Every structure is written in C-alpha cells, then in structure tokens.
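Here are a few short exercises to work through with the model open beside you. Try each task before reading its solution.

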Amino acid sequence: MHDMSAHAATHGAPTSFIRKHVFSTDHKVIGKQYYALALVAAVVGMFLSWIMRIHLGWGSFAIPGLHLLSSTGAPGDVMTPEYYLQLMTMHGTIMVFFVLTTAPFAAFGNFFLPIQTGAEDMPFPHFNMMSFWVTFVAFLVMVAAFFVPDGPTLGGWTQYAPLSAVGAVGGPGQGLGVVLWAASIGIFCIGQLLGSLNFITTTLDMRCKGMSLLRLPLSAWGWFITSIMGLTAFAVLMPACILLILDHVAGTSFFVPSNLVINGQILPHSGGSTLLWQHLFWFFGHPEVYIAIVPGMGIVSHVLITNMRRPMLSHRVLIYSMGALAVLSYMVYGHHMFVSGMNPVSSIAFSFPTLVITIPSTIVVLIWLGSLYGSKLRINSASLFALGFISMFISGGVSGFFLAQPSLDIMLHATYFVVGHFHLVMGVAAMFGIFAGTYFWFPKMTGRMMNETLGKTHFILSFIGAYCIFMPFHYLGMAGNVRRYQAFTDDYLIPLIPVHKFITIAALFTGFAQLIFIYNLIYSRFKGPHAPNDNPWEGTSLEWSTATPPPHNNFGDKMPVVYHDPYQYSVEGASADYIMQTSPEKISSPDEEK
Amino acid sequence: MATTIHEPPKIDLDRLPGQGSGNGGWRNLVPAGGDLRRVKPSSPPPASTGIWVGLAAITMTFAAFTSALIVRQGSSPDWQHFPLPRILYLNSLIIIASSLTLEMARRHISSFMAARSEVAKNQGSAPARWLYVTLGLGLLFVAGQSFAWLQLRSEGFGLATNISYSFFYVLTVAHALHLLGGLGGLVRVIGKLNHYTLRRSTLNATSLYWHFMGALWLYLLLLLWMKL
C-alpha cells in the first residue's frame with residue numbers, strides 16, 4: 001500500500017483525440033473550452049441585444065427571419081411585447097453567467113492559474129473536467145428554452161417572485177421556460193463550485209517552491225479571491241433554484257403568496273414570501289458583480305505592469321483592496337432591494353456598506369492611475385484594452401454613488417440609469433478585461449501572435465462605441481425613461497425615441513466592430529505569425545518561463561523554483577530591465593523580497 | 001531604504017515532474033530575502049485542503065436553506081407544526097454509530113499502513129471490515145430516511161401539503177443526497193484499500209466528510225425538532 005504524500009494532478013499526457021481535446025483533464029484544454037463556450041455565448045447574447053435595440057428604435061420594423069426564432073413571439077417578423085422581455089431575459093442571463101463569469105474567471109483562470117502558481121495541473125483534474133462539461137450542459141439547457149412551445153422565460157435575469165414562481169399562467173415562458181432557466185442556473189452553480197474548489201486548492205496547496213502567497217501575480221490573486229466568492233455565492237443560488245423549481249413542479253409555496261390572482265385566476269399556493277427569493281438571489285447576485293469584475297482587475301493589473309515596465313505602487317494594497325471588495329460584496333446586497341418596501345432602517349444599513357465599498361474600489365483605481373502616471377507605457381492592443389477597462393470601471397462606478405443612496409435610487413432604480421451603470425461597470429469593463437487578457441496571453445495559449453493593427457482598430461471602435469451606447473442611458477434614466485419597456489408611447493417618452501435610435505445605431509456599429517476581433521482571433525489562431533519566443537512581452541511571471549504553448553505538465557522536465565516577487569521590472573543593476581521569477585540572478589533591490 | 005544583495009539560494013533544481021506539485025509553503029511562507037532553504041519540503045496534500053473547501057460550500061447551502069426556513073416561517077401564519085417520524089431518532093443513533101465505526105476503521109487502517117512499509121506488498125489483507133460496517137450503517141440510515149418519507153406520505157403529508165412539510169422533505173432529501181456522496185467516497189476508499197493504493201489524505205478527507213454529514217444531520221434534526 002502506498003500512502004503517497006506527493007500531490008495529485010500527476011497524470012500522463014492523453015493520447016486519444018477524445019481524452020486530449022474533448023473530455024480532457026488538462027487545465028489548459030479546459031481553459032480553452034471555457035473560452036470557446038464564452039465566445040459562443042457572447043455572440044448569442046450580442047445577437048439578442050441587436051434584435052432588442054432595433055425593436056426599441058424602430059418598433060414596427062420587421063427583422064427578416066425573426067419568425068424563424070419564434071413564430072408566436074415574432075409573427076410577421078415583429079416581436080411581441082412578451083417576446084421582447086423573453087429576449088431581454090436571455091440576453092442578461094447568458095451574458096452574466098456564460099460570458100462574464102465564464103471567460104475572465106473560468107477560462108483564463110483555468111489556463112493560467114496553475115502555471116502562474118508553478119503547478120503541473122489542478123489538484124482535482126476530473127472535477128475540473130466535470131466543471132466545464134456541467135457548465136456546457138447548463139448552457140444547452142438555457143438555450144433549449146428558445147425551442148420549447150412558449151419560449152424562454154420573460155422574468156428578467158433576476159427572476160423575481162412571484163412572477164417567476166406562478167407557472168404558465170404568468171405569461172409566455174413562465175412555465176417550462178422558468179423551469180429550464182432555474183435548472184440551467186442550478187447546474188451552472190455545480191460547475192462553478194467544482195471550479196472554485198480547484199482554484200482555491202491550487203492556490204493554497206500547489207504553489208511551487210519559493211512561491212509564497214505574496215509572490216503570486218495579481219491575476220492569480222484575482223482568480224483566487226473570485227473563487228472564494230464563487231464558492232460561497234453559488235452555494236446559495238443553487239438551493240434558491242431548487243426551491244423555485246419545486247414551486248413549479250411540486251406545487252410548494254416557497255415564493256408564491258396566498259390568494260394571488262393572475263389573469264383572473266386564483267392560484268392554489270399559500271403564504272409564500274416574495275422577498276425570500278430576492279434575499280437569496282441578491283446574496284448571490286451582488287458578489288456575482290465582483291465575480292465578473294475582480295478577475296478583470298487582476299488581469300488588467302498584470303497586463304499594465306508588464307507594459308509599464310514597473311510594478312504597481314503597492315502590490316499588497318491592491319490585493320487587500322480586492323479582498324475587501326469580496327468581503328463587502330456580501331454586506332451590500334440589499335441595495336438592490338431599496339424599492340422592495342424594506343424597512344428604511346434596513347435601507348440605511350445596506351446603504352452604508354455600499355458607500356464604504358467605494359473606498360477599496362477607489363484605492364484600486366488610484367493605484368492604477370498613480371502607477372500609470374509618468375510611466376512609459378508600451379501601447380499595444382492588450383494595454384489599450386486595460387486602459388479601457390479602467391475608463392469603463394470609473395465611468396460606471398461613479399454612477400454607483402448615486403444609486404447607493406436610497407432616496408435617489410427610488411427615483412432611478414427602474415430607469416435606464418441603472419442599465420447604463422451596470423453595463424459600464426460590470427459588462428463592458430469585464431469585456432475589456434477579457435479582450436486585454438486575450439491579446440496578452442494569446443501567444444502563450446496558441447504559439448501565435450494576434451494582428452496588432454486589427455487589435456488597435458478593434459479597441460478604438462469598441463471604446464467609442466461603448467460610450468456611445470451606455471452614456472446616453474444615464475441621460476435617459478434621469479429623464480425618467482423606464483427600463484424593460486418594449487415601446488415608448490407615453491408623452492414624456494416619445495421625445496426620447498431619437499436617443500434610442502442613436503443608441504441602436506451605436507450598438508450595431510460596436511457589434512460589427514467585434515467581428516474584427518473574432519476574425520483576428522480565428523485567423524491568428526491558424527495563420528498568425530509564430531510567437532518570436534516564449535516571452536514576447538518580456539514578462540516576469542511563470543507563464544513566460546515555460547514553452548509556448550506550454551507542455552502537458554506545464555514546465556517540461558524541470559519544475560520551476562521561484563526566487564523573486566512577481567514584478568521585478570527596471571531593477572537597478574540587473575542585466576535586463578526585468579528579472580523573471582525563476583531567475584536566480586543576484587538582485588539589488590529595495591523591495592526584495594516578500 | 002536599505003539595499004540588499006544576496007547570493008542566489010542553493011536549491012535542487014532537478015525536481016522531476018510527476019512527483020506532484022506543491023512545496024510553495026502554506027504556513028511557512030518564504031521569508032524576506034528569498035531564502036528557499038527555509039521552505040519545508042512539502043505542502044499539505046490538496047485533499048486535506050479541498051475537503052474543507054467542499055464542506056464550506058455545503059455549509060453555505062444548508063445555511064441558505066435554514067435562512068429560507070426562518071424567513072418563510074415568519075412571513076405567513078400558515079406554518080403547521082407536526083411531530084417528526086420517530087424513526088428519525090433511531091436514524092440519528094445509526095449515523096452516530098457509523099461515525100464511531102469509521103473511526104475504528106481509520107485506526108486499524110493507520111496501524112496497517114504503518115506496518116505495510118515493513119512487510120511485502122502481497123502479504124496480509126487490508127482491514128476493510130469496519131469500513132463495510134460503516135457502509136452498512138450508512139445504507140441503513142438512508143433506508144430509515146426513506147421509511148420516514150414513505151410514512152409521512154402514507155399519512156397524506158406530501159411535499160406540498162404545507163410549507164413545513166416542504167422544508168422537511170427538502171432538508172432531509174438534500175442531506176440524504178449529500179450523504180450518498182459520502183457512501184460513494186467510502187466505496188472508493190474500500191476499493192483503494194483493497195488495491196493497496198489508498199492515500200492517507202483520501203482516507204482522512206472521506207472520514208471528515210462522513211463525520212460532517214453526521215454533525216449536519218444532528219443540526220438538521222435539532223432545527224426540524226425546534227421548528228416543526
């Protein structure tokens with residue numbers, strides 16, 4: 001019998017196609033699978049947003065072929081009000097779960113966390129494989145809702161009760177559509193829990209010799225902190241989904257109150273609490289915002305440092321701030337419920353930490369800006385998108401100050417102001433983080449370079465386009481334009497329709513700009529020039545000290561040993577302007593070593 | 001600030017792949033100056049950390065169920081109290097006993113593992129007897145829970161009869177499903193033990209999970225007893 005003290009994750013390279021590329025336990029393959037899934041999901045989500053925007057700008061315009069998606073939802077290729085809400089729900093759900101959670105955290109994290117920690121693989125590679133395939137099944141279940149008789153649910157990505165729990169009487173998609181939604185998200189939670197388990201254990205137990213926690217790059221810290229949030233948040237959303245499904249299929253009354261009349265029909269449920277769903281959902285929902293954005297913070301910091309050729313003003317404070325965001329994210333969730341009729345004292349209790357959470361956010365931003373000040377930043381696609389991330393994060397974050405105050409939120413909550421806020425701070429910022437990571441790590445992931453001209457063009461068009469779309473949302477919100485309406489027929493809303501038309505044109509324009517990225521991604525994958533060496537950006541962390549693309553066990557025949565902090569750039573007296581973590585070179589530095 | 005120059009640490013660079021990752025230090029972080037010689041040779045096995053991470057997730061799930069129960073009970077006067085099926089108390093004794101038998105198994109296996117290094121690989125048989133007893137008690141517990149569900153159903157109390165019954169079924173079924181995972185873990189441990197490939201960390205992680213399932217059941221029983 002062997003009581004092996006050596007650690008897990010020591011599996012041989014697979015030989016069959018299926019084990020190598022499909023049901024692979026290699027974290028790098030799984031990372032690429034997650035990335036591909038997120039890319040498909042992003043295309044679906046963007047397509048849905050295009051359809052919605054066209055409808056908002058020109059309500060009677062027939063979109064050719066739309067009836068093929070749903071003959072009842074879009075008779076004559078013009079969508080019904082209900083179908084607009086169904087598409088909106090699917091857009092939000094797919095983007096939040098299958099893009100913003102999947103790409104920056106699961107995709108890049110899977111590929112690079114083990115490498116940046118100096119591990120051969122994740123500690124539980126089979127769980128890791130399961131986490132992707134479970135997520136894939138969740139996506140299929142979600143998309144399947146398009147093809148069931150009533151179509152997908154129309155309740156919004158938050159699925160507020162009682163509408164989400166009453167069944168088919170609530171409208172199209174509120175029967176089977178909701179069940180599919182809740183089942184998909186429940187399955188998705190299992191996948192993320194398995195992933196988080198691996199991420200946390202990798203960070204704690206799999207670091208190579210010399211890699212103390214503070215020597216981890218900021219990107220690894222972003223994934224580590226996110227995985228802790230994922231573990232605690234998805235573990236709460238999953239039971240909420242189970243209870244929601246039971247209200248549908250078993251006739252229980254968790255969320256449906258007594259004597260509820262819908263469409264002239266008294267429902268048989270009794271005593272359910274509509275607020276219970278909101279509490280369970282937002283206990284997950286607000287950390288989810290940070291699950292989407294903290295990996296981006298880490299990635300952007302990592303990219304900027306490499307291109308600034310100097311470390312951040314404070315490595316530690318940046319880590320502590322990201323950690324503070326994670327902790328505080330659980331204390332602020334009630335600010336999503338200011339208009340739910342909660343006790344004003346509770347509103348104040350949630351408002352205060354909401355304002356407090358701006359402190360670590362501001363510290364992070366100030367560290368970025370202070371570090372950038374006076375630096376000779378290398379301008380490339382990755383660094384541009386990193387700058388864009390900061391810009392979007394600031395622009396979207398500033399409007400958070402307004403929404404954090406209950407008295408203002410009551411006025412703004414149901415308007416486009418909120419739509420503009422969260423799209424900038426959580427959606428576009430996170431997307432820019434994904435783009436920054438893609439342009440930066442593409443050579444390591446594929447062995448080829450992306451086209452820089454196309455990348456910079458992609459950035460300029462996306463940057464301008466995103467602001468053209470989402471800044472006017474704030475204006476619309478302040479003008480009282482309610483959100484989730486499929487048409488604007490009230491007198492005070494009619495003058496705002498030209499703004500919606502402008503936004504629609506901007507959305508189409510920005511969407512087409514993403515085709516440049518997709519072309520660049522696919523073309524460069526197969527035809528792009530080979531990476532000149534294993535470290536084309538002259539980085540210092542472990543991913544740049546191994547082969548390109550990395551071998552099955554990440555580091556070939558020698559395990560790495562780490563001697564330095566992650567960002568030793570412009571070190572006085574060093575042979576080059578950077579010292580890799582694995583370099584045993586003598587160092588003369590005031591900051592060595594943590 | 002002082003500037004320091006130090007010699008590169010002497011360290012064995014020929015650590016071969018396949019020996020597993022780790023060694024980055026957990027409590028023994030690399031000290032300032034980067035003296036790698038002070039790093040202990042290995043970190044804890046991932047299974048011993050991973051099991052705590054997994055238990056944290058399960059704790060969060062049942063905390064969510066508990067808070068849902070408390071909020072739902074207080075939100076409406078429709079809550080019905082009912083006596084718990086008596087077999088649940090017997091089941092509690094069974095699951096406590098299973099923890100004790102698992103500890104017996106762990107002791108036997110520990111001493112067997114220590115002895116194994118001294119004797120030839122094929123000699124002797126692995127002490128899986130107490131593990132089989134634990135497995136049997138676990139199955140008995142699941143059977144007992146199933147009996148409780150059937151008993152309630154035969155009396156006309158189903159999942160949707162009242163919200164208190166809903167929570168009873170949800171909590172007990174969720175626990176039973178998690179316990180089935182523990183049974184799977186025990187089967188895996190027995191298999192590995194019989195093939196002499198069992199790791200101490202796997203055994204410890206499985207034991208911890210099983211004991212946690214026992215403690216979780218006692219907590220749920222107390223909660224249900226108080227609330228129902």
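## Exercise 1: The layout of chain B

Chain B contains 5 helices and 1 strand. This is a predicted model, so keep confidence in mind as you go.

**Task.** In what order do the elements of chain B run from the N terminus on?

**Solution.**
- Step 1: Begin at the N terminus, where the strand comes before the helices in the order β-α-α-α-α-α.
- Step 2: Turn to burial: of the 228 residues in chain B, 33% are buried.
- Step 3: Look at contacts between residues at least 6 apart in the sequence of chain B; 77% of them join residues at least 24 apart.

## Exercise 2: Confidence in chain B

**Task.** Find where in chain B confidence is lowest and where it is highest.

**Solution.**
- Step 1: Take the overall picture, a mean pLDDT of 82 for chain B, with 76% of the residues scoring at least 70.
- Step 2: Compare the elements. Strand S1 (residues 4-5) of chain B is lowest, with a mean of 36, while helix H3 (residues 129-154) of chain B is highest, at 96.
- Step 3: Check the stretches with pLDDT below 50. One covers residues 1-21 of chain B and has 42 contacts in the model beyond near neighbours in sequence. Another covers residues 25-33 of chain B, with 23 such contacts.
- Step 4: For the complex, the predictor gives an ipTM of 0.91 and a pTM of 0.92.

## Exercise 3: Cis peptide bonds in chain A

**Task.** Locate the cis peptide bond that leads from Ala161(A) to Pro162(A), then the one that joins Thr548(A) and Pro549(A).

**Solution.**
- Step 1: Read omega, which is near 5° for the bond from Ala161(A) to Pro162(A) and about -15° for the bond between Thr548(A) and Pro549(A).
- Step 2: Place each proline. Pro162(A) sits in the loop between helix H5 (125-144) and helix H6 (176-205) of chain A. Pro549(A) is in the loop between helix H16 (497-527) and strand S3 (568-569) of chain A.

## Exercise 4: Positive phi in chain A

**Task.** Are Arg484(A) and Ser570(A) buried, exposed or partly exposed?

**Solution.**
- Step 1: Note the backbone. Arg484(A) is not a glycine, yet has a positive phi of about 65°; Ser570(A), also a residue other than glycine, has a positive phi near 50°.
- Step 2: Find the loops. Arg484(A) lies between helix H15 (452-478) and H16 of chain A, and Ser570(A) between S3 and strand S4 (578-579) of chain A.
- Step 3: Recall that buried takes 20 or more C-beta neighbours within 10 Å, and exposed 12 or fewer.
- Step 4: Arg484(A) has 13 such neighbours, so Arg484(A) counts as partly exposed. Ser570(A) has 16, so Ser570(A) is partly exposed too.

Notes. Residues numbered from 1 in each chain as written. Chains lettered and ligands numbered in written order. Predicted model: local features only at pLDDT ≥ 70, side-chain atom pairs only at ≥ 80, totals over all residues. Helix = DSSP H or I, 4+ residues; strand = E, 2+ residues; numbered from the N terminus. Contact = placed C-beta atoms within 7 Å. pLDDT = per-residue confidence, 0-100.
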